[in-house]
Amino acid sequence: MFFLQKEILADKPTEGIHVAKDKKADVSFANLIVSGDKKYETRDQNRTLRRFVGKRIGIIETGDGPAKLVGYATVGQPIEVNEAQFNELRDQHLVPKGSK
């Protein structure tokens, strides 16, 4: 998991990550990141975000029509968690139980 920090930017980044909308649960994880409500982005393989650690990036929502930029965040250092820790952090990563 990677810690994400909400920011208002004067300089806009030129790179971003795609964050899929959970259409089944009708949850826009991209908007939750940008609003600051979602503190951690979960990825099976942390190499997809590792190159962005310490950088401001665009947050791009996918999975519900055309991809769209919804805002920006700074990627923090990754942490590895086990299932119990993942469940304890659910209020910060906001991934519903059973979501993939």
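This report describes a predicted model of a protein chain, moving from its overall layout to one strand and then to two acidic residues.

## Overall layout

The protein chain of this predicted model contains four helices and five strands, and when these elements are read along the sequence they follow the pattern β-β-α-β-α-β-β-α-α. The chain has 100 residues, of which 37% are buried, while its accessible surface comes to about 6300 Å², with 47% of that surface belonging to carbon and sulfur atoms.

The contacts within the chain can also be sorted by the separation of their partners in sequence. Among contacts between residues at least 6 apart in sequence, 71% join residues that are at least 24 apart.

## Strand β2 and its partner

Strand β2 spans residues 16-20 and has two faces, a covered one formed by Ile 17 and Val 19 and an uncovered one formed by Gly 16, His 18 and Ala 20. In a regular strand the side chains alternate between the two faces of the sheet.

Strand β2 pairs with strand β4, which covers residues 56-62, and the two run in the parallel sense over five bridges. Within this pairing, Gly 16, which belongs to the uncovered face of β2, stands opposite Gly 58 in β4.

## Asp 64, in the loop after β4

Asp 64 lies in the loop between β4 and β5, the latter being the strand at residues 68-78. Its relative accessibility is 38%, and Asp 64 therefore counts as partly exposed, a class that lies between the cut-offs of 20% and 50%.

Leaving aside residues up to four places away in sequence, Asp 64 touches Lys 21 and Lys 23. With Lys 21 there is also a polar contact between the two side chains, at 3.2 Å. A further relation across the sequence involves Ser 28, which is 36 residues from Asp 64 along the chain, with 9.3 Å separating the C-alpha atoms of the two residues.

## Glu 41, in strand β3

Glu 41 has its place in strand β3, which consists of residues 40-41. Because its relative accessibility is 7%, and the buried class takes in values under 20%, Glu 41 counts as buried. The side chain of Glu 41 nevertheless has a polar partner, since a polar contact of 3.0 Å links it to the side chain of Arg 43.

Taken side by side, the two acidic residues are placed in unlike settings, with Asp 64 partly exposed in a loop and Glu 41 buried in a strand.

Methods:
Residues are numbered from 1 along each chain as its sequence is written. This is a predicted model: local features need pLDDT of at least 70, side-chain atom pairs count only at pLDDT 80 or more; totals for chains, interfaces and linings use all residues. Side-chain values use heavy atoms; hydrogens and water are left out. Buried means under 20% relative accessible area, exposed over 50%, partly exposed in between (1.4 Å probe, protein chains only). Contact means heavy atoms within 4.5 Å. Accessible areas come from the Shrake-Rupley method with a 1.4 Å probe; for residues, only the protein chains shown count as cover. Two strands pair if DSSP finds at least two bridges between them. A polar contact is a pair of N or O atoms within 3.5 Å; within protein, one must be able to donate a hydrogen and the other to accept it, and residues adjacent in sequence count only if both atoms are side-chain atoms.
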